[in-house]
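Trainee: Could we go through this one together? I'd like to know what stands behind each term.
Mentor: Happy to, so ask away.

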Amino acid sequence: MKRSKINQIMAEADEMIRGHGFALPPFAYWSPDAFLAQAAAARHVIDARCGWDITDYGAGRYDEMGLFLFTLRNGRLDDLLRGQGMCYAEKLLISKQDQLSPMHTHVIKAEDIINRGGATLVIELFGSDDDGNFATDRGGRVMCDGVERAYAPGEKLRFAPGESVTLMPGDWHAFWGDGGDVLIGEVSTVNDDETDNFFREPIGRFSQIEEDEPPTHLLVSDYATWLG
């Protein structure tokens, strides 16, 4: 992805988020130089990979297959393994109309996916086989706003603003906006996007960036290069 495209997506996402009555935390608006100056004090933000995250899954077709994310807070895997401490994470996502976030699952993370506003969120679901692999012939059970329901293999559940689903490890899912863009909330156990995303197809989680202009704000994938 071109950096100019990423900067544009950031500006448009911030406008949409504000339009739905949400506000991002102060570190969202730091310039790269300001972030570098605050790096020592903001060590948790860096280590927990909180912040801007924009991906086209390496396909170069962001409007067709991609996702905007902003990690607001994220805990520590050590705390999760001990069963105490900061065991949770929270994100805001934007899924554009007909923009696919491709089929994947998690081994550790359980997550509530919430339609925070906009159009209809469509989530396509499949279950896992006995080894946790994608299974075309298996469904499962999920909680929709606290009410348990079964899903058939490949069933597409639809969520209006305010509605949500709880996905457990092994629930394979893909999603997109229908009828417009959707602001999505994600509340989950500790999130590790580097090791706990398992895609059905061999695709990448992060994008390769073409630096055609300076970054407005850093992506989480920039931290290692820019902040050390």
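Trainee: Why does the radius of gyration of the protein chain agree with a compact globule?
Mentor: The radius is taken over C-alpha atoms, and the globule rule is 2.2 Å times the number of residues to the power 0.38. For 228 residues that gives a value near 17 Å, and the protein chain has 17 Å, so the two agree. Keep in mind that this is a predicted model, where local features need pLDDT of at least 70, side-chain atom pairs count only at pLDDT 80 or more, and totals for chains, interfaces and linings use all residues. Residues are numbered from 1 along each chain as its sequence is written, and side-chain values use heavy atoms, leaving out hydrogens and water.

Trainee: What makes strand 2 mostly covered?
Mentor: Buried means under 20% relative accessible area (exposed is over 50%, partly exposed in between; 1.4 Å probe, protein chains only). In strand 2, residues 67–74, 7 of the 8 residues are buried. Across the protein chain, 50% of the 228 residues count as buried.

Trainee: And what makes it a strand, and which strands does strand 2 pair with?
Mentor: Strands are DSSP runs of E with at least two residues, while helices are runs of H or I with at least four, numbered from the N terminus. Pairing requires at least two bridges found by DSSP. Strand 1 (residues 51–55) is joined to strand 2 by 5 bridges, antiparallel, and one partnership there is Ile-54 with Phe-68. Strand 3 (residues 88–95) also runs antiparallel to strand 2, with 6 bridges, including Asn-74 to Ala-89.
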